[in-house]
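Good morning, colleagues. Please take a moment with the sequence and the structure before I begin.

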Amino acid sequence: MKFADKLFLSMTVLLALMFALFGIWMLASDFSYLLNKEIEQGNDESRMFQFLFEMGYQSTEEYGEDYAINRTLNSITGSVEREGSHVFVALQDGTYVYGGEYLNQMQFVEEVGGLTRALGHTDNYGYSIRQIGGGYYMFTVAMTEIATGDIYLGTCRDLTNIYNNRQNLLYRYRIALICLLFVGGIFAFMLSRYITKPIRRLDMLAGRIADGDYNLRSHNKSYDEIGELARNFNRMADQLVEQMQKKMLEAKQKEDFTAAFAHELKTPLTSIIGYADMLNSMKLTDEEAHDAYFYIYNQGKRLESLSHKLLELVSMDKTALAYRPISTKALEENIRITMRPVWRQRGIRGKVELERSTLYGDGELLLSLFYNLLDNAVKAMDKEESCFILMKGVVLSDCYEFKVVDNGRGIPKEEISRITEAFYMVDKSRSRKEGGAGIGMALCQKIIQLHKGVLQIDSKLGEGTVIKVAFPLKWMPEDSRADT
């Protein structure tokens, strides 16, 4: 059952229960009020009948009992029975002095007899309401004493109209309740559909998104629970699309990685196999053999370097790194000594200036990071003159910033976001000629992430590149604090 149907059914049932209970309570209260009023009036008539009889009987008792009873009844019955009640008088032996014919005609003798027998000296008044022959009647009996014994004075009051009115009201109320439920059910149905309309829209929207239309979003701007649900739905859809795009990018990067790795292996292996086959099957001159041996050796070293970098890239996350305090002065000396011969050989004006401070990290990894950055800067040089590389380090308010600046060929703007992907090379032919495999910047990015740093690359074609790496000064790994 759909939510709208559940809402419609629950509203209809609730409406029916509320009006049914209210109607029953209202009819019961009204009937109880009318019945109590009739009972009170019947009791008042009975007491008035008893009072008038006793007064009349005492005034005529000296003329004899029969005369006194008949005379009293003749004088008071008219005033008592004018409201529609009937009176009867019975002696102690059960004979009726007045009203016996009416009781026999209406078949009330047995009911009245039971009521009179229930009275005694301690309880000389009683009444009862009975349904007899399709009608409802109230009987009252009062016992009083006369000279010859006890006498029973009673009234009979017809209450059928009250009960009939109750039945008529119940019938009319049922008709009104049915009409009310019909009209209210229509409004409840329309209201349930109106309330659940945004939910149905969200359901259809979710179905269309599941079918591949990922750009759809809910436009519900209300501030109720459904509006909040719509906003959370949009946020969830955005997160799902973002995660999906991220997974697609990762899959593409893995595919590109596999293709590039296969290509990087295929080119040198083909050459190595070809030269090895020439050495094995052909008679070469010493110079030709030397060139073949040198090429095989050179490509073998290139494959060795590639394998080492791949192992380093794969195992970096799985190996526990030792973070220690590192002096920027020691880094500066090590980098300057290592890079000076390279710069001299290439005719590059290089300079390293690091402001004095202390970092926390893995010294070997940081040196590998800076060597890769400087090596990339060297490979970017294609000018014969005025080549320079500057590595500068400064202490900022909350971080230590390294900056590597060169005036090489630069990087196209659209390529900058991809140069940290493994095996990605801006100029593949030039990179291979320089001995690169496209893994250096991927290693740099991984090392920077392990040290909680941030990498920023700014470059212009034909003008050069500026690479900034910022490491937090206050960051210290948990496993290193005990050593400091």
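Among contacts in the chain between residues at least 6 apart in sequence, what percentage join residues at least 24 apart? The figure is 64%. I should say at once that this is a predicted model.

Let me continue with the chain as a whole. Its secondary structure comprises 11 helices and 12 strands. The chain has 484 residues, and 37% of them are buried. Its accessible surface amounts to about 29,700 Å², with carbon and sulfur atoms contributing 56% of that area.

I turn now to one sheet. It is an open sheet of 5 strands, arranged in the order β7-β9-β10-β12-β11, and its pairing is mixed. Which strands stand at the edges? They are β7, covering 349–354, and β11, covering 454–460. Each has a single partner strand, so one side of each lacks a neighbour in the sheet. From one strand to the next, the twist averages 10°.

Within this sheet, consider the pair formed by β10, residues 399–406, and β12, residues 464–472. These two strands run antiparallel and are joined by 8 bridges. As a general reminder, strands of a sheet pair through backbone hydrogen bonds, in either a parallel or an antiparallel manner. In the present pair, V405 stands opposite V466 in β12.

A helix also packs on the sheet: α8, residues 328–346, which touches β7, β9 (388–395) and β10. The direction of α8 makes about 175° with that of β7.

Next, helix α9, which spans residues 363–379. From its first C-alpha to its last, this helix of 17 residues reaches 24 Å, close to the 24 Å expected at 1.5 Å a residue. Is α9 largely enclosed by the rest of the structure, or largely exposed? It is largely enclosed, because 12 of its 17 residues are buried. Among them are the leucines L365, L366, L367, L369, L373 and L374. The buried residues of α9 also include F370, A377 and V378, together with S368, N372 and K379.

Finally, a word on cysteines. How many disulfides does the structure hold? The number is 0. As to individual cysteines, C156 has a relative accessible area of 1% and is therefore buried, the cut-off being under 20%. C387 likewise counts as buried, at 2% relative accessibility.

That concludes my presentation. Thank you for your attention.

Notes
Residues numbered from 1 in each chain as written. Predicted model: local features only at pLDDT ≥ 70, side-chain atom pairs only at ≥ 80, totals over all residues. Heavy atoms only, no water. Disulfide = S-S within 2.5 Å. Buried < 20%, exposed > 50% of the residue type's maximum accessible area, 1.4 Å probe, protein only. Helix = DSSP H or I, 4+ residues; strand = E, 2+ residues; numbered from the N terminus. Contact = heavy atoms within 4.5 Å. Areas by Shrake-Rupley, 256 points an atom, 1.4 Å probe, with all protein chains shown as cover. Pairing = 2+ DSSP bridges. Axes fitted to C-alpha atoms, helices over the stretch in contact; angles between N-to-C directions. Expected span 1.5 Å × (residues − 1).
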